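Ready for some practice in reading a protein structure? Open the viewer, take the exercises one by one, and try each task before you look at the solution.

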Amino acid sequence: MERVEIDEWCVDLITILAERGALDHLSPEELAKLDRGRRWLYLAIDCATRCVVGMRLAEKPNCQDALALLSDITRDKSDLAIAAGCKSTWHHYGGVSSLVTDLGVAFVDDEFRSAVFDAHGVVETPRGGLPRLRGRVERIFRTFGTALMPLLAGRTFSDPKERGDYPSEEMASLSDDVLMEILIRFVVDVYHNIPHRGLNGETPNNCWKRLAEKMGIVPQLAETTRRKALGVRYRRRVFGKGVRLFSIDYTCQALREFYVHDRRRHVHLKVDLNDLGWIMIQIGKKWYAARALQKCFDAVSYEQWEATARQLRLKYKAEAVLQEKTVSDALHTIIQKNSEEERRFGAVLKRQTPAGLRRAREDLFQGLSIETDDPEGFDLPPEPDLFGHVIPSLDEGENTIEVTAGQGQNPNGDRPRPSKWRIEND
């Protein structure tokens, strides 16, 4: 993991631009009218072992998919391998050290480079026009073109002469999620387990195991650092309970103090869509962890919560406020029912496909609120009330002024200095 090469590749295959589930009930005539085209593949490869440490399909080159790939590099992807039906695990991951890219639009984006730096890594960009300077990732794309694409209907070939009169568009039959399943199975079960000439005949899997035991792996990121660097970014308004995202309320001590004492009302936050139990919130230049008031969201992914919210919307159409126990029971049922489907092939791979990016995350949760069974049952230190407690003055080093209900002056007879607190604040 000391040197990882990343690149984007326009897949040599024409596919149906939809997910498999959307095609199940269509007639042949309707299937023939669906849009067809080529997807882009973002891929990251570890140079020392030739192991693929991340893949993701995209509609076109863009920074958001590159950031999602960067997040996959730092986590165990065996869940994707299981969902795709692989026999081997996809355990190749680690911390970020040196990422080698070309001058693609996604890789020169400030947001991508900032994420790499926040993850304690550096970006190397060799001179353009010399693909051999990123030879490992260029070579695996060639392997896809020669070893995998000939097995699939709808391939485009490398040039029109080689393609001849092959009807690529008419032969296209694979959807987004099926293509992603095939790519994962080829990488995890085939490519990682066959002898590699660049490794003197050793397989990438065996090379990873040997070097990991002998040399070690770049240490994985602390989870707070990982979420701060690679989480999905949002901006939210602060209110009495904290901030609300996907109808989930998050709070922490720093956020509550911000609400009382700061005139600003919005904060930036980062969320890992694989775990909605807690998020990172930026206040000033510092980041703080904030936990969900509704404890039923610990280790719950966005996909699981989205499916649950849709069912709750249908069942409780007339109710804007739901009890936490109702939500918790529904989440438990959804997770239980989907677990076997995900092992076979389920929602876990949808995050890797372009269709998953087009979901309207905000519309589903608009107006939905969850009432906690124990609204004060979160782990925070006790805070002083605004009345009957000491409130520090604005100037550092001054004596504090004690203000109680009905008392407008301090013992010296002077009016207290105004603080940032206003009467309209809770």
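In which sense do β4 and β5 pair, and over how many bridges? That is the task of the first exercise; keep in mind that you're looking at a predicted model.

**Exercise 1: β4 and its partners**

Solution.

Step 1. Put β4 and β5 side by side: they pair in the antiparallel sense, over six bridges. To check it by eye, find L43, which stands opposite M55 in β5.

Step 2. Now look at the link between the strands. The hairpin of β4 and β5 has five residues between the strands, and R50 takes a positive phi near 65° there.

Step 3. Next, pick up β1. Seven bridges join β1 to β4, and these strands run antiparallel. C10 stands opposite W40 in β4.

Step 4. Finish with the surroundings: β4 is mostly covered, with six of its seven residues buried.

**Exercise 2: a pair of helices**

Task: Find the angle at which helix α2 and helix α4 pack, and work out which word describes their directions.

Solution.

Step 1. Know what to look for. Two packed helices are described by the angle between their axes and the distance between the axes.

Step 2. Read off both values. Helix α2 (residues 63–73) and helix α4 (residues 110–118) pack at about 15°, and their axes are 9 Å apart.

Step 3. Compare with the cut-off: angles under 35 degrees count as roughly parallel. So α2 and α4 are roughly parallel to each other.

Step 4. Add the handedness: the crossing of α2 and α4 is right-handed.

Step 5. List who makes the contact. From α2 come C63, Q64, A66, L67 and L70, while α4 brings E111, F112, A115 and V116. Sorted by class, that gives seven nonpolar residues, one polar and one charged.

**Exercise 3: what hides α2?**

Task: Say how many residues of α2 are buried, and name elements that cover them.

Solution.

Step 1. Count: nine of the eleven residues of α2 are buried, so the helix is mostly covered.

Step 2. Name some of them. Among the buried residues are D65, L69, S71, D72 and I73. C63, A66, L67 and L70 are buried too, and you met these four in the contact with α4.

Step 3. Find the cover. It includes the strands β1 (3–10), β4 (40–46), β5 (52–58) and β6 (98–100), plus the helices α4 and α10.

**Exercise 4: an open sheet**

Task: Work out the strand order of the six-stranded open sheet and pick out its edge strands.

Solution.

Step 1. Walk across the sheet: the order is β8-β11-β12-β13-β10-β9, with antiparallel pairing.

Step 2. Check the ends. β8 (232–237) and β9 (243–245) are the edge strands, as each pairs on one side only. From one strand to the next, the twist averages 35°.

Step 3. Zoom in on one pair. β11 (residues 266–272) and β12 (residues 275–283) pair in the antiparallel sense over four bridges. Here K270 stands opposite M280 in β12.

Step 4. Look for a helix on the sheet. Helix α10 (residues 223–230) lies across β8, β11, β12 and β13 (286–292), and runs at about 70° to β12.

**Exercise 5: two unusual phi values**

Task: Find where H120 and N200 sit, and decide whether each is buried or exposed.

Solution.

Step 1. Recall the background: most residues other than glycine have a negative phi.

Step 2. Take H120. Its phi is positive, near 70°, and H120 is found in the loop between α4 and β7 (122–124). H120 has a relative accessible area of 60%, so it counts as exposed.

Step 3. Take N200. Its phi is positive as well, near 60°, and N200 is found in the loop between α8 (176–190) and α9 (204–214). With a relative accessible area of 78%, N200 is exposed.

**Exercise 6: around F186**

Task: Decide whether F186 is buried or exposed, and list what it touches.

Solution.

Step 1. Locate F186 in helix α8.

Step 2. Apply the cut-off: buried means under 20% relative accessible area. F186 has 10%, so F186 is buried.

Step 3. List the contacts. Leaving out residues up to four places away in sequence, F186 touches T143, F144, A147, L148 and Y191.

Step 4. Take one of these, F144. F186 and F144 are 42 residues apart along the chain, yet their C-alpha atoms are separated by 8.9 Å.

Definitions and conventions
Residues numbered from 1 in each chain as written. Predicted model: local features only at pLDDT ≥ 70, side-chain atom pairs only at ≥ 80, totals over all residues. Heavy atoms only, no water. Axes fitted to C-alpha atoms, helices over the stretch in contact; angles between N-to-C directions. Helix = DSSP H or I, 4+ residues; strand = E, 2+ residues; numbered from the N terminus. Parallel < 35°, antiparallel > 145°, perpendicular 65-115°, else oblique. Left-handed = near helix turned anticlockwise from the far one by under 90°. Contact = heavy atoms within 4.5 Å. Nonpolar A, V, L, I, M, F, W, Y, C, P; charged D, E, K, R; others polar. Buried < 20%, exposed > 50% of the residue type's maximum accessible area, 1.4 Å probe, protein only. Pairing = 2+ DSSP bridges.
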